[in-house]
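Got your viewer open? Let's take a short walk through this structure, one selection at a time.

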Amino acid sequence: MAAAKNKDILAVDFAKGKKHDLKVLRDSHVEIDDDTLLVVDLGYKGIESSHKRTDIPIKKKKNQERTQEEIDFNREVSRERIYIEHINRYLKRFRMLSSRYRNKRRKFALRVTLICGIYNLQH
């Protein structure tokens with residue numbers, strides 16, 4: 001989780017193996033205030049049922065074009081999410097986050113947390 005405007009990494013969570021983003025969020029039991037606006041990508045499809053203030057891009061329907069309002073909405077969501085994508089890009093400069101991790105699993109969380117701390121100090 002990152003605070004988009006001040007560019008700080010607030011929380012990091014991990015899952016063993018491949019796991020859907022929404023499943024990781026629900027398993028972490030993080031409480032998100034109802035007044036908080038969530039700006040997420042399509043990996044969190046379905047979060048609208050549990051959190052009402054969510055901006056998620058509108059996916060194109062099969063054999064249909066998106067309306068201009070949907071295109072404009074997706075553009076606004078992208079403008080908010082670009083900050084988080086820049087943070088992801090910075091963190092993936094560390095090779096352990098962009099490729100297969102081939103070390104002891106118990107040290108992975110500590111190392112990622114340290115990388116996030118380095119990022120927070122620099123920005």
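Start by selecting helix 1, residues 21-28, and pick out Lys-23 and Asp-27: the two sit four residues apart there, so about one helical turn separates them. One thing to keep in mind as you look around is that this is a predicted model.

Now show the side chains of that pair. Lys-23 and Asp-27 meet in a salt bridge, with 3.5 Å from N to O. Why would side chains do that? Those of opposite charge can pair when their charged atoms come close. Turn on a surface if you like: Lys-23 is partly exposed, at 45% relative accessible area, and Asp-27 is partly exposed too, at 35%.

Next, add Lys-19 to the selection. Together with Lys-23 and Asp-27, Lys-19 belongs to a network of linked salt bridges.

**On to helix 2**

Select residues 68-91, which make up helix 2. How many residues does helix 2 have, and how far does it reach? There are 24 residues, and the distance from the first C-alpha to the last is 34 Å, close to the 34 Å expected at 1.5 Å a residue.

Zoom in on Asp-72 and Arg-75. Both belong to helix 2, three residues apart, or about one turn of the helix. Their side chains form a salt bridge at 3.7 Å, N to O. As for the surface, Asp-72 counts as partly exposed at 36% relative accessibility, and Arg-75 does as well, at 42%.

**A stop at Arg-81**

Follow helix 2 along to Arg-81, where the helix bends by about 40°. Then display the Arg-81 side chain together with that of Asp-41: here is another salt bridge, 3.8 Å from N to O. Where does the partner sit? Asp-41 is in the loop between strand 3 (38-39) and strand 4 (54-55), while Arg-81 is in helix 2, so this pair ties together parts that are 40 residues apart in sequence.

Buried or partly exposed: which is Arg-81? Arg-81 is buried, with 12% relative accessibility, because buried means under 20%. Its partner Asp-41, at 27%, is partly exposed.

**Last selection**

To finish, colour the buried residues of helix 2: Glu-70, Asn-74, Val-77, Arg-81, Ile-84, Ile-87, Tyr-90 and Leu-91. You'll spot Arg-81 from the previous stop in that list.

Want to keep exploring? A search of the whole structure finds six salt bridges, among them the Lys-23 and Asp-27 pair where you began.

Key:
Residues are numbered from 1 along each chain as its sequence is written. This is a predicted model: local features need pLDDT of at least 70, side-chain atom pairs count only at pLDDT 80 or more; totals for chains, interfaces and linings use all residues. Side-chain values use heavy atoms; hydrogens and water are left out. A salt bridge is a side-chain nitrogen of Lys or Arg within 4 Å of a carboxyl oxygen of Asp or Glu. Buried means under 20% relative accessible area, exposed over 50%, partly exposed in between (1.4 Å probe, protein chains only). The expected span of a helix is 1.5 Å times one less than its number of residues. The bend at a residue is the angle between axes fitted to the seven residues ending there and the seven starting there.
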